[in-house]
Amino acid sequence: MAAPSEFETLPQCGEDQIGFAVDAPLDRTLVRSVPYVVHMTQLSQSVQLEFDGDIAIIRVDNPPVNALSHHVRQGLLDGMKQAEESDAAAIVLICDGRTFIAGADITEFSGPPQPPSLQEAQDAMENCSKHVVAAVHGTALGGGLEVALCAHYRVGVASSQYGLPEVKLGLLPGAGGTQRLPRITGASKALEMMTSGDPISADEALACGLIDEIIEDLEQGAIDFARRAVSEKMPLLRIRDRNEKLADTPTSLFEDFRAGIARKTRGFLAPEYNVRCVEAAVGLDFEAGLEREQELFRDLMKGTQSKAQQYYFFAERAALKIPGLPKETKSLDVHRCGVLGAGTMGGGIAMNFANAGIPVTIVERDAESLERGLGIVRSNYERTAARGGISSDDVESRMGLISGSTDMGDFAECDLIIEAVFENMELKKSIFEQLDQICAEGAVLASNTSALDINEIASATSRPDAVIGMHFFSPANVMKMLEVVRGDETSDTAIATAMAIGRRIGKTPVLCGVCHGFVGNRMLFMRGIEAEKMILEGAAPSRVDRVLFDFGLPMGPFAMSDLAGLDIGWDETTSSSSTVRELLCESGRRGQKNGRGYYTYDPDTRASTPDPEVEEIIKRFADQQGITRREISDQEILERCLYPMVNEGAKILSEGIAIRGSDVDVVWINGYGWPMYTGGPMFWADTVGLKEVAERINHYASTIGGEHWSISPLIEQLVSDGGSLSTYTN
Ligand code: 3HC
Ligand code: NAI
């Protein structure tokens with residue numbers, strides 16, 4: 001096909017060609033509205049071929065993120081063939097919409113492969129006899145970046161980003177990315193990018209050779225670059241042929257790198273597989289490296305980890321969708337946030353808002369508590385600055401956004417007020433009564449309670465529709481989870497506001513209903529019951545913790561209690577020696593804060609060791625209770641910790657407290673560090689098999705008993721219908 005002249009007219013266009021007329025040079029801002037005189041061939045539903053004079057433009061438009069669906073692959077392949085056969089001197093690959101190609105179409109992973117393969121399109125690009133330039137805006141991710149790596153040159157606008165996030169989906173960049181990226185950036189940078197999955201900026205990409213130029217105007221800049229490549233006879237660079245950056249890779253790199261990421265990637269398969277691919281890039285020739293990549297990719301793809309991680313990708317996004325909340329619901333624009341209480345949670349909550357540039361008014365009950373709370377916030381920021389996370393200017397500007405007060409009247413200017421005082425219903429009700437008097441009409445009044453009834457708190461106000469739970473997790477400035485708790489009368493606006501502000505401050509909000517402990521803590525309480533029983537029956541706390549750690553959780557229930565403080569909610573005057581925790585508190589053990597809890601802590605390293613004194617306290621208590629101690633297997637520990645949680649999760653679902661099974665998983669992954677590679681408690685139970693889960697729950701119901709072992713009718717129903725918890729939706 002010949003490249004059309006710039007002034008061909010509409011009647012000359014074929015059926016698949018739409019003609020428009022504008023003056024050259026082509027201005028993309030005009031393209032959508034004013035006809036111009038270049039051919040446009042629709043190659044597939046999402047890809048078209050156009051010509052700007054001597055430059056062929058392959059344009060992808062596959063909203064929302066230009067994923068590489070089969071019609072995109074087909075269009076790319078056909079576009080390359082037709083552009084190569086045309087009179088065009090060079091070819092530009094560009095995308096419409098908000099981003100360059102953001103990767104493979106993940107929704108296609110569960111079905112059979114559809115032709116053409118991405119590799120066919122990539123080969124056509126890489127082996128093209130004309131210069132191919134990829135023009136990047138938004139994010140070139142995964143398969144998208146792997147396509148760009150097959151172009152001879154890459155240019156991008158200043159805001160563009162580049163990454164291989166496959167590791168986050170439990171995969172590796174299986175379209176040649178593992179072999180091409182190290183060849184262009186060097187092995188060290190490639191290891192970093194592939195095992196973290198985090199994108200790098202255009203500046204970084206330019207510095208490491210991943211892109212060739214930062215351009216101002218996406219389309220014109222790319223066209224100019226392509227013309228320059230032709231006129232200056234730049235070589236047709238194929239990354240596969242370039243080995244210069246790999247030549248001096250130190251042999252120690254891989255072992256050092258593995259050691260460096262071991263803690264963060266514990267239990268995940270994909271990071272190690274990505275490292276193996278980079279090793280192959282360094283040690284094998286390109287074709288052999290590709291084969292190794294494919295072999296490892298297939299291995300990951302058929303395992304449960306990648307299925308779980310892909311499930312989580314969609315679960316996190318599904319959680320943002322609230323059935324019944326009209327799309328047009330407006331959320332309040334939060335210009336200033338109020339936080340009541342500058343304790344453990346209030347300080348961290350305030351930091352989230354300051355980090356996002358939102359001014360915060362933090363109110364305490366007295367000047368001393370205020371000073372202490374603000375002091376902790378400042379020292380948190382200073383610690384982050386000392387580690388290089390933020391600059392010292394950032395410390396000051398963020399502190400500058402937080403104003404302290406001891407007068408709740410200062411909340412009058414706030415659009416959203418989050419209460420984080422002690423966990424006491426009477427106190428919270430009296431606070432909300434006051435907030436009702438003080439706060440502006442339309443303001444959203446939120447409580448950070450971890451378990452109390454939002455409806456009862458709301459009843460203390462004359463505007464229960466404005467009251468909502470916003471349950472942050474500790475440490476509130478770090479943990480991503482935010483349970484948004486809707487009361488019976490909570491308005492759509494309050495829900496939309498809490499969800500939107502949650503996103504704005506970088507959290508993962510999940511909406512749930514009112515019950516004791518909401519989704520996360522309610523399930524946690526069930527685990528706590530069995531964990532306490534098991535230490536009395538003979539399992540050491542360190543053994544229970546170890547089993548859960550080995551399962552993939554960051555810590556077990558006893559290490560967690562020590563971290564939070566054993567005396568949370570404990571009152572010396574009413575303590576009745578009726579639980580192990582009370583006994584420990586009564587003997588002066590407060591957890592990590594005083595170096596003695598279920599474990600004893602080294603004052604310098606904070607390393608924990610089991611303490612014989614604790615074992616003694618437990619044994620004595622078990623004796624008093626007439627409990628016979630016995631050997632408990634790891635399998636029993638795991639089942640008795642996790643199955644009551646699954647059972648409770650199912651009850652939470654059937655009561656409509658959580659909207660979907662996947663929401664429960666999002667809460668547990670983000671709130672408690674449940675290992676993402678198992679998908680969360682609901683997905684995990686599905687992979688174990690609900691029939692097996694039901695049998696074990698029924699077994700413990702008949703041998704141990706207790707309300708938490710009475711099986712959820714939903715599990716029974718799903719077993720008989722062949723359904724699953726993770727896909728269950730109310
Ligand atoms: N495939 C299918 N759908 C995708 C998708 C993909 N790769 N990426 C995003 N989507 C969907 C989302 O599910 C969402 O759908 P919804 O509106 O129905 O919920 C929609 O696109 C918009 O996505 P986001 O809400 O995430 O939009 P953002 O603007 O916040 O983020 C993004 C955009 C940074 C591109 C983000 O979507 C993202 O990180 N996407 C995944 C990128 C990725 O993992 N790519 C690698 C894929 S695997 C691969 O390429 C294998 C290869 O090596 C062979
Ligand atoms: P905290 O004891 O560390 O802080 C509470 C703060 O509230 C104290 O600084 C206290 O001086 C202040 N305060 C008490 N009454 C006040 C009043 N009338 N006016 C102003 N300030 C007042 O408690 P923490 O841990 O921060 O908990 C706060 C809330 O957050 C509780 O409801 C708790 O259940 C919830 N929560 C706690 C989590 C945790 O891990 N600590 C996790 C999630 C929620």
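Buried denotes a relative accessible area under 20%, exposed one over 50%, and partly exposed anything in between, computed with a 1.4 Å probe on protein chains only. Helices (H or I, at least four residues) and strands (E, at least two) are DSSP runs numbered from the N terminus.

The model is predicted, so local features need pLDDT of at least 70 and side-chain atom pairs count only at pLDDT 80 or more, whereas totals for chains, interfaces and linings use all residues. Residues are numbered from 1 along each chain as its sequence is written, chains are lettered from A and ligands numbered from 1 in the order in which they are written, and side-chain values use heavy atoms, with hydrogens and water left out.

**Overview of the domains**

Begin by colouring the chain by domain: 5-306 for domain 1, 337-515 for domain 2, 539-624 for domain 3 and 634-721 for domain 4. These bounds come from an automatic or database domain assignment. Then place the C-alpha centres of domain 1 and domain 2, which are 43 Å apart.

**Strands β2 and β3**

Next, select residues 40-44, strand β2; 4 of its 5 residues are buried, so the strand is largely enclosed by the rest of the structure. Add residues 47-52, strand β3, which runs antiparallel to β2 and is joined to it by 4 bridges; two strands count as paired if DSSP finds at least two bridges between them. The connection from β2 to β3 is a hairpin through 2 residues. To inspect the register, show Gln-42 and, opposite it in β3, Gln-48.

**The loop between β4 and α2**

Move on to the loop between β4 (55-60) and α2 (70-85), where Pro-64 is located. The peptide bond joining Pro-63 and Pro-64 is cis, with omega about 0 degrees. Now select Asn-66, which is also placed in the loop between β4 and α2. Although Asn-66 is not a glycine, its phi is positive, at about 55 degrees. Its relative accessible area is 2%, so Asn-66 is buried.

**A second cis peptide bond**

Select Pro-115 and Pro-116, which are likewise joined by a cis peptide bond, here with omega about -5 degrees. Pro-116 belongs to the loop between β5 (90-95) and α3 (118-126).

**The loop between α8 and α9**

Finish at Lys-233, in the loop between α8 (218-231) and α9 (253-261). This residue, other than glycine, has a positive phi near 50 degrees. With a relative accessibility of 70%, Lys-233 counts as exposed, whereas Asn-66 is buried.
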